[in-house]
Structure formats: structure tokens, C-alpha cells
Amino acid sequence: AIVMIGGSTLDQLHTRKIFVSGFSGLNAWVEIQYNDAVPWFSARSNQTVVIYKDVLAVIAGWSTGPVPPGSQVATKIFYNDVWIYADSEGVANIYKSDKSPEPQLALGQDFVPYWILVALNAPFRPRSSMTAVEFKGRLFLMGGDGPDSLGVIAPIADLWVTNDLKVWTILQDLTSWDLTTPLWQGRNSLFALVHDEKLYVVARVQNSFYNTFYSENGNDWLPVPGACALSHIEVQAAVVYRSRMLLFTVGCHSYDIPAGARRYEKAIDCSVEQDGPFQRENRIYYSSDGVTWRLSQRPFRLSQFLEPEFMQHHWSGKRSGEYRVGYKVLVHHDSLYLIGGQQKITFVDKFDNPILDKDGKVQKQDLDAMDMWLSKGLVDLLLLCVQNSDLTTQGIIDAMQAATSPECEFGFSKLPGGVLQDAILPR
């Protein structure tokens, strides 16, 4: 099943709703009803959801508070709490305390799953959008954004580890530059991946370029020797799929490449001066060793000169220059799932022509996505209509072999509470 927890919906900035899919992850979605007697975490977004030792955990995140007097902007509240889902009595006995509320059992019931607050104020700084990954029996937590000592929201670059979700130990405070081993000091936008018995971290330097680091034990870190730096892109999601590390990105690209070159495009700076023909687009990079990152295949057609004319990924949008951010990518049943997010869609007139502003730039609008895409490899992802509650394995195969994607009526819009954009993971 796939679990969707909290995040933003079409009608709520933050929510604490939980949805669980059927076995395939495509249908039979149900909402877990909130129980005031056994509460769980508050409404929030950009929390981290991870499965550690077969236990589902929700860590930190942020929400909005009241508007201070004399201000028009609501305060941001960041959390550093830790919750786990006790789906068995054995798990509950490990994590519950004398103060943990327990559900009332009906006649004939021996146990009912419920959420347990493990730590209200963990020792790490309150934050959102951090990375947590299990590696060689321990859970590592790193990065994110949160308030500093002056209350200024800024990237965090520390590294914490736990063996039980209760006791957390800091391995490195990466605000310092005098470390004994090279690491990702001063970097932001961290993504961690477990691949080939190593823990990899892809981290960005001052919104400029990404470097790749690795560790064989989680304690000692080194930059990947000879690794190329990924520049002029912003990583949106990272997963490991079929022995490759995948980075889902957005950035500007130029196709002005010399004849005979082995590539057809290159990433460039998305500056104001270059915003014109070089519009933001989604790309997928992949690597098997962290040294060389390659662009994955995209849809293309041959020109009259038999040159490939590449098109954007279908899940990015229908027109050139449209792209998607804030989506989640996961691996489930040996398939890649891309779910939700926000699309940057071109404003068009009644004749379907792009609407330009006074400076001649294409106008875009933000559209919350309500769809799910699926892929069986490093190819373009296929749209699946999840309104088909009777979608079978053969139905999925038939859809993937179809020449065109279906026109879905509502995607996730019939789920109670709208589309959840954050904290999607397989379980």
C-alpha cells in the first residue's frame, strides 16, 4: 500500500489527514479517521515520513500560527517532534509511556492500531523538509530548513542518528568548517540515497550546484572521487530504482549545441536575462556510481533533417515551458510512482495562444495537480486514472502499452480532503 500523510490540499494549507491505498497503490483509497481520544500529530506540511525497522514514523514539519499584531503575515511554526504508528501490540509496548493515551477497545477486540508520541521536543533543531533514511540498522536525519538562533529561517546542515527513534545523537554540526573529514558544510537542499552498500548525499552549494558525497558507515564521509557537479538545476526528488540513483529536477536548458556533439542540450542559468527561450523544464538524471550523472530519455520526434526534437516529459505539462514542482516520487512494486505536486501552467486565450505580459514573457498560473504517473523504467511516465476502483494488474499493463495516455476526469479529486502533496511513501 501507499500512505499519504499531512501536507497541503486544494482547500487546506496544512492538514493531518491520512490516506491509505489498496495493495496496488492505485485504488481502494481510504481515509483513516481521526480519534480525539488517541490524537496524532497536528496539521502540518513538509514533515518527514520514514519507515524504520518496519515502524512508520512522522518527524517534524511546519505549520502556520497566528498573525502578530501590526503584521499581515502569519508566523511559521516549526516542529521537532517524533511520532510512530503502532500497528501491533509489540510495537506499542516498545514506544508507549505511562502518559501515552491508548484507544478504548470494543467488545472482542484485543488491540487497535494507534499513534504514539515518542518525543515532543527531540534534541535536533525544529525544521521542515529534511531527509531521513535507514542505513545499516540506524536512522540518519539531515538537512532541512528552520529558524536559527535569531529566528531567521535558513538551511540546516547537521547530521543526526538514532537506533530507536527515542535517543538522538549528533554526528556532525555542519555549520562549522573545521571538520576532521570532508562533508557538505554550508550546503542546502540535501537528498540522501542508499545504493550499493553506501549512503550517498547530494547537496547544493548556495543555490548554485550539487556535489555528491558518500559514506560506508554513516560516520566517515568523503566526496565521490571525480564526480561531476550538477549545475543550474534544482533537485525536487531522489530515489533509487533498479540499481540506479535518480534525481528529478527542474531547470533551464539550452539546445544551442555544436553539431556532432554527443548531447543535445545543456543546463544553463535561469537568470532574468536568459528567461526567454530558456524556460524552466523538468529533467531526470541518473547515475550508477555517483560519478557520472546522465540525462534520461525524453519523448522526441524526428525533424525533416532526421534530427531529434525533444519534448518535455508528459507529466510536466502540455506546452513548452510548463513544469512541475513539489511532487513526490516513490518506488512501489518495482514501479516508479510520481504523485501530485504543483504545475506551472501557461495562461492561454480562447484560441489557445499563450498570453504575454508587457515585457513579452509568457504568463503562468499555479495549478495543484491531482494525478498519478507510473513508469517501469527510465522512460517517460504514464498517466493512470485512479478513478477506476477495479483497476487490475492486467489493466495497468494494458494502459502502459497503450499508444496514448488516457484523459482522466478527476485523478485524486474524489479523495476526501483533496490532494495531499507532502509525505508520500510506500509501505
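Which residue of β9 stands opposite T131? Select T131 and look across the strand pair: the residue facing it in β9 is M142. Before going further, keep in mind that this is a predicted model.

**Stop 1: the four-stranded sheet**

Stay where you are and widen the selection to residues 131-135, which make up β8. Now add residues 138-142, strand β9. The two run antiparallel and are joined by five bridges. They belong to an open sheet of four strands, and reading across it you meet β8, β9, β12 and β13 in that order, with antiparallel pairing. To reach the far side, select 168-172: this is β13, which, like β8, is an edge strand that pairs on one side only. If you turn the view to look across the strands, you can follow a twist that averages 30 degrees from one strand to the next.

**Stop 2: a hairpin**

Next, select residues 328-332 and 335-339, strands β27 and β28. Five bridges hold this pair in the antiparallel sense. One facing pair to pick out is K328, which stands opposite I339 in β28. Then move to the turn: β27 and β28 form a hairpin with two residues between them. Click on H333 in that turn and check its backbone, where phi is positive at about 55 degrees.

**Stop 3: the three-stranded sheet**

Now select 323-325 for β26 and 364-368 for β30, then put 342-346, strand β29, into the view as well. Together they give an open sheet of three strands in the order β26-β29-β30, paired antiparallel. β26 and β30 each have a single partner strand, so one side of each is left without a neighbour in the sheet. On average, neighbouring strands here are turned by 30 degrees against each other, direction ignored. Zoom in on β26 and β29, whose antiparallel pairing runs over three bridges. There, R324 stands opposite Q343 in β29.

While the side chains are on display, here is a useful pattern to bear in mind: in a regular strand they alternate between the two faces of the sheet.

**Stop 4: a salt bridge within that sheet**

Keep β29 and β30 visible and show the side chains of K344 and D366. They meet in a salt bridge, at 2.8 Å from N to O. D366 sits in strand β30 and K344 in strand β29, so this contact links distant parts of the chain, 22 residues apart. How accessible are the two partners? D366 is partly exposed, with a relative accessible area of 48%, whereas K344 counts as buried at 16%.

**Stop 5: two further salt bridges**

The structure holds eight salt bridges, and two others complete the tour. Select D81 and R44, whose closest N and O atoms are 2.9 Å apart. D81 lies in strand β6 (residues 76-86), while R44 is in the loop between β3 (30-32) and β4 (48-52), so the pair ties together parts that are 37 residues apart in sequence. Both D81 and R44 are buried.

Finally, select K96 and E102. Their salt bridge has its closest N and O atoms 3.5 Å apart. K96 counts as partly exposed, at 31% relative accessibility. E102 is partly exposed too, with a relative accessible area of 42%.

Technical notes. Residues numbered from 1 in each chain as written. Predicted model: local features only at pLDDT ≥ 70, side-chain atom pairs only at ≥ 80, totals over all residues. Heavy atoms only, no water. Pairing = 2+ DSSP bridges. Axes fitted to C-alpha atoms, helices over the stretch in contact; angles between N-to-C directions. Salt bridge = Lys/Arg side-chain N within 4 Å of Asp/Glu carboxyl O. Buried < 20%, exposed > 50% of the residue type's maximum accessible area, 1.4 Å probe, protein only.
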